[in-house]
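Colleague: Before I rely on the labels attached to this chain, I would like to hear the reasoning behind them.

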Amino acid sequence: YQRRVHGVDKNGDAKSGYQPGMDLKAGTTIFAEGCRGSVSKQLIAHYQLDANSQPQTYGIGLKELWQLPAGKAKAGTVQHSIGWPLDNQTYGGSFIYHLDNDQVAIGFVVGLDYADPRFSPFEAFQQFKHHPSVK
């Protein structure tokens, strides 16, 4: 895969700001430019990566960084959950990552295809944070 060349005139001749295109050559390449990034769109179209696939789904993620009392965090501990406080028709879950210096990153992710128009991902995150195993 080769990215576009920059700094050429309409005849294809190099100008002062010329930059050659970058060749990406690897056994595995991971693109982390967001769910609808420009390079990802090109690759999906070129290689028909969405053929025989279900459409993409989207979600919202909320994250906080907490400072805990000394000795409460266990650096390197990773906790994931699915479900509660979500109903059985709504997908999502949570994470708690224990960091250095008695900090944790806590987050909640919810798919945006939830059916209840009154559902609030923010309120679900607040409810999750009050679960006895999280407090």
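The exchange below takes up some of the terms applied to this predicted model.

Colleague: Why is S94 called buried?

Modeller: The relative accessible area of S94 is 7%, and the label applies under 20%, so S94, which is found in strand β5 (residues 92–98), counts as buried.

Colleague: What makes the pairing of the S94 and S81 side chains a polar contact?

Modeller: Their side chains are joined at 2.3 Å, and because the limit is an N or O pair within 3.5 Å, the term applies to S94 and S81. S81 is also one of the residues that S94 touches, among them F108 and F128.

Colleague: How do you know that β5 and β6 pair, and what lies between them?

Modeller: Seven bridges join β5 to β6, running antiparallel, whereas at least two are required, so the two strands pair. Y97, for example, has A105 in β6 as its bridge partner. Four residues separate the strands of this hairpin, and N101 in the turn has a positive phi of about 60°.

Colleague: What makes β3 a partner of β6 too?

Modeller: Nine bridges join strand β3 (residues 59–67) to β6, again antiparallel, and since at least two suffice, β3 and β6 pair as well. Within β6, I106 stands opposite E64.

Colleague: Why is β6 described as mostly covered, and what does β6 supply to the largest nonpolar core?

Modeller: Seven of the nine residues of β6 are buried. The largest nonpolar core has twelve residues, including I106, F108, F128 and V134, and its largest share, four residues, comes from β6. V134 itself touches I106 and F128, among others.

Technical notes: Residues are numbered from 1 along each chain as its sequence is written. This is a predicted model: local features need pLDDT of at least 70, side-chain atom pairs count only at pLDDT 80 or more; totals for chains, interfaces and linings use all residues. Side-chain values use heavy atoms; hydrogens and water are left out. Buried means under 20% relative accessible area, exposed over 50%, partly exposed in between (1.4 Å probe, protein chains only). A polar contact is a pair of N or O atoms within 3.5 Å; within protein, one must be able to donate a hydrogen and the other to accept it, and residues adjacent in sequence count only if both atoms are side-chain atoms. Contact means heavy atoms within 4.5 Å. A nonpolar core is a set of buried Ala, Val, Leu, Ile, Met, Phe, Trp, Tyr and Cys residues joined through side-chain atoms within 4.5 Å. Lists of a residue's contacts leave out its neighbours within four places in sequence.
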